[in-house]
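Work through the exercises below with the sequence and the coordinates open. Try each task before reading its solution.

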Amino acid sequence: MALSAADLSVGDTRSMVLVEDLKRTQLVQYAGASGDYNPLHTDDLYTREVAGYPGVFAHGMLTMGMTGRLLTDWVGDGRLTDYGVRFVNQVWPGDTLTATAEITALREEDGVHLVDLSVVTVNQDDIPVVTGTATARVDA
Amino acid sequence: MAVERFPVEASHILMFARSIGDPNPIYEDEAQAAETEPGRIIAPPTFAQASAQFDPDYRLRPQIGEPWFGSGKEPTGVTRQSTGGSGGGNGGSLHAEQHFQYHRHISPGDVLTATVVPGETWEKQSKRAGKLIFRETVTEYRDQHGELVITARGVGVQTEKPVEN
């Protein structure tokens, strides 16, 4: 169901738990689907001994993809016009991620109703891992 | 990264949606997708990034017969100097930002091309990772009719040392 601008207000929020106890297997799954086989995300030996990190960590794009679910579940299928994020902290196996989106503006451009959203995904310690913005077409 | 032919396929969308943990039926069930507003299967918002699968020279995919920098008998299959800086810390590269602008949402049957234009480069000093060099690229995805469907802006960051946590 598409959203109507008339039913929305600046400050409205929606949250979703994206993943609980993120598994290494999901990183492998994302590597295979996306085609990004960087060993930093699947190869613990390489990541510890060559790259110098404590272990494998998630593709930023996996977190962006998971966060997108909150947006598309809210604004409806095929309604996003813009979606952008910054990767501000790493995501590790075992993390539990929660995304929250908030309406920051309702506007009209060339007769098209648009909603602007801010979005942040935090880990179990409430540390942001992804922050961003999105825009979607809504009905009048 | 330039991609001459990125065929958007239903099974690829299904696998991608599973990998990001999104159970929305519009990504996997043609009959249910027909009942939605788009009226057909569409790709999740970040799917365009999977065009990497169709980049013949993508450096983060093992190439048949070529050395690979991940571990085997040893922690890495190549010497540090030859990794081309693709390994994370110690001068490796991480993803800093990603933006997508959707002119329309893509579906199975679309055949896309991707062209990449380098953007700005800038530097920053960071307590957690030393000197950071940011590089921006803009990727334009066009469909089989030459129409622009997605504009993507990515920023990569090369770190002086692994990011401290």
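**Exercise 1.** State the order of the elements of chain B from the N terminus on.

Solution. Start with the criteria: helices (H or I, at least four residues) and strands (E, at least two) are DSSP runs, numbered from the N terminus. Next, count: chain B has 2 helices and 5 strands. Then read along the chain: β-α-α-β-β-β-β.

This is a predicted model, where local features need pLDDT of at least 70, side-chain atom pairs count only at pLDDT 80 or more, and totals for chains, interfaces and linings use all residues. Residues are numbered from 1 along each chain as its sequence is written, while chains are lettered from A and ligands numbered from 1 in the order in which they are written.

**Exercise 2.** Which strands pair with S5(B), and in what sense?

Solution. Apply the criterion: two strands pair if DSSP finds at least two bridges between them. Take S2 (residues 93-102) of chain B: this strand runs antiparallel to S5 (residues 148-159) over 9 bridges. There, B:His99 lies opposite B:Arg153. Now take S4 (residues 130-142) of chain B: its pairing with S5(B) is also antiparallel, with 11 bridges. Here B:Glu140 faces B:Thr151.

**Exercise 3.** How many residues separate S4(B) and S5(B) in their hairpin?

Solution. The hairpin has 5 residues between the strands. Check the turn: B:Gly146 has a positive phi of about 80°.

**Exercise 4.** Give the extent and the buried share of chain B.

Solution. Along its principal axes, the C-alpha trace spans about 50 × 40 × 30 Å. Of the 165 residues in chain B, 32% are buried (20 or more other C-beta atoms within 10 Å of the residue's own, with C-beta atoms placed from the backbone).

Conventions: A residue is buried if 20 or more other C-beta atoms lie within 10 Å of its own, exposed if 12 or fewer, and partly exposed in between; C-beta atoms are placed from the backbone.
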